[in-house]
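Below is a short note on the model you sent, set out as numbered points. Please read it with the coordinates open.

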Amino acid sequence: MTRRCFVIGHPIAHSRSPLIHGTWLADHGLDGSYERIDVAPADLPAFITRLRAGEFVGGNVTVPHKQAAEALIDEVSEAARAIGAVNTLWREGGRLCGDNTDAAGFLGHLDATTPGWLDHVRTALVIGAGGAARAVVYALKSRGLDRIAVVNRNPARAAELVAAFGAPLQAMDWSARSALVGEADLIVNTTSLGMKGQPPLGLDLATLRPGTIVDDIVYVPLKTDLLVEAERRGAIAVDGLGMLLHQAVPGFARWFGVVPEVTPALRARLEVDIVGA
Ligand code: ATR
């Protein structure tokens, strides 16, 4: 029987997840599907009932359902609980389980593109304090850094994030962000700044040390102004597309029982889609 999976959100037309999972399904010759389904917030409980009844084996959850879904399932992974959102659902022995794979995706991409990065990264600067920032600090904290400085335009949100995760996180002033650049071995932009249609991040990289890793989770455009400037100054640029690809791996593995690979060919397909957007 065809194993059906989904990505639900509202709106959902622009999700690139069907392209990722569709490619893997074809590559492995599996009898499965991955459908984009628009679910309005009021319809989420009814959709979850359909999932429980066996219509689907699982799927992804995106905006605006990532928090609401957590309350409707039976098992929430430690990562999802800490991050405060689920993005991957599956059924297991009559129970409905949820995980957040963004942290694993962030680390998976960093590990794949900059092997050994942890040998020279002790201090990180995380820009932003939203949902994506929570996944990134959860990931970084799990790798045991000495210091994770968090800056956010709205300082209350940075303080709340730091209070939730504790040491080695430190909330710093938004106005100090450029001054913190020279101290950081790893800089991560988790805000939407630099995305197509948004203002640039405008981080001053004058004190950036060559060899610093600069990771932007924005992937439209593929190379943001931040990454272009970072590379010009001898930093190692890590783009956001890899995180999107790697966060999809654990879900596919659960639904279809095959651990898929993030290959250059898959990446190239996504790049064509993004450049053409
Ligand atoms: P996500 O789940 O993608 O992280 P979010 O929770 O809405 O989305 O968080 C967006 C992040 O981008 C926040 O850190 C936000 O800063 P505020 O908390 O101050 O709003 C940041 N952001 C968005 N637009 C911004 C702007 N123009 N200047 C500075 N930060 C901005």
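1. Asn-152 and its place in the fold. This is a predicted model, and the comments start with Asn-152, which is found in the loop between β8 (147-151) and α6 (155-165). Asn-152 has a relative accessible area of 10%, so the residue counts as buried, the limit being under 20%. Outside its own stretch of sequence, Asn-152 is in contact with Gly-128, Ala-129, Arg-157, Ala-158 and Trp-174, where residues up to four places away are not counted.

2. Polar contacts of the Asn-152 side chain within the protein. Which backbone atoms does the side chain of Asn-152 reach? A polar atom of that side chain lies 3.1 Å from the backbone nitrogen of Ala-129. The side chain of Asn-152 also reaches the backbone oxygen of Asn-154, at 3.0 Å.

3. The ligand site. The ligand sits in the largest pocket. There are 13 residues around the ligand, and those that come nearest are Ala-132, Asn-152, Arg-153, Asn-154 and Arg-157. Asn-152 and Arg-157, both named there, also touch each other.

4. Polar contacts to the ligand. A polar side-chain atom of Asn-152 lies 2.6 Å from an oxygen atom of the ligand. Two further contacts involve the protein backbone: a backbone N or O atom of Asn-154 is 2.9 Å from a ligand oxygen atom, and a backbone N or O atom of Ala-132 is 3.0 Å from a ligand oxygen atom. On its own the ligand has 640 Å² of accessible area, of which the protein covers 67%.

5. Ile-217. This residue is in the loop between β11 (213-216) and α8 (225-232). Is Ile-217 buried or exposed? Its relative accessibility is 17%, so Ile-217 counts as buried, given that the class ends at 20%. Beyond its neighbours within four places in sequence, Ile-217 is in contact with Ala-132, Val-188, Asn-189, Thr-190, Gly-240 and Met-243. Ala-132 in that list is one of the residues that come nearest to the ligand. Ile-217 and Met-243 are 26 residues apart in sequence, and their C-alpha atoms are 7.2 Å apart in space.

6. Asp-239. The loop between β12 (236-238) and α9 (241-247) holds Asp-239. Its relative accessibility is 16%, and Asp-239 therefore counts as buried. A polar atom of the Asp-239 side chain lies 3.2 Å from the backbone nitrogen of Leu-241, and a polar side-chain atom of Asp-239 lies 3.5 Å from the backbone nitrogen of Gly-242. Leaving out residues up to four places away in sequence, Asp-239 touches His-109, Asp-215, Asp-216, Leu-222, Leu-227 and Arg-267.

7. Val-126. Strand β7 (residues 123-127) contains Val-126. With a relative accessible area of 0%, Val-126 is buried. What does Val-126 contact beyond its neighbours within four places in sequence? The list is Ala-133, Val-136, Val-137, Leu-140, Ile-148, Ala-149, Val-150, Val-151, Val-188 and Thr-190. Val-188 and Thr-190 are also contacts of Ile-217. Val-126 and Val-162 are 36 residues apart in sequence, with 11 Å between their C-alpha atoms.

8. Leu-145. This residue lies in the loop between α5 (131-142) and β8. Leu-145 is buried, at 6% relative accessibility. Not counting residues up to four places away in sequence, Leu-145 touches Leu-118, Val-121, Arg-122, Ala-124, Leu-140 and Pro-168. For Leu-145 and Leu-118, the separation along the chain is 27 residues and the C-alpha atoms are 8.3 Å apart. Leu-140 is a contact of Leu-145 and of Val-126.

9. Cis peptide bonds. Most peptide bonds are trans. The bond that joins His-10 and Pro-11 is cis, with omega about 5°; Pro-11 is in the loop between β1 (3-9) and α1 (17-28). The bond from Val-63 to Pro-64 is also cis, with omega near 5°, and Pro-64 is in the loop between β3 (58-61) and β4 (75-76). Please look at both bonds in the display.

10. Pro-45. Helix α2 (residues 44-52) includes Pro-45. At 41% relative accessibility, Pro-45 counts as partly exposed. Pro-45 and Gly-29 are 16 residues apart along the chain, and their C-alpha atoms are separated by 33 Å.

How values were computed
Residues are numbered from 1 along each chain as its sequence is written. This is a predicted model: local features need pLDDT of at least 70, side-chain atom pairs count only at pLDDT 80 or more; totals for chains, interfaces and linings use all residues. Side-chain values use heavy atoms; hydrogens and water are left out. Helices (H or I, at least four residues) and strands (E, at least two) are DSSP runs, numbered from the N terminus. Buried means under 20% relative accessible area, exposed over 50%, partly exposed in between (1.4 Å probe, protein chains only). A polar contact is a pair of N or O atoms within 3.5 Å; within protein, one must be able to donate a hydrogen and the other to accept it, and residues adjacent in sequence count only if both atoms are side-chain atoms. Contact means heavy atoms within 4.5 Å. A residue is near a molecule or strand if one of its heavy atoms lies within 4 Å of it. Accessible areas come from the Shrake-Rupley method with a 1.4 Å probe; for residues, only the protein chains shown count as cover. On a 1 Å grid over the protein atoms alone, a cavity is a set of points where a 1.4 Å probe fits but cannot get out, and a pocket is an open set with protein on both sides within 12 Å along at least five of seven lines; lining residues have an atom within 4 Å of a point. A molecule sits in a cavity or pocket if more than half of its atoms lie within 2 Å of its grid points.
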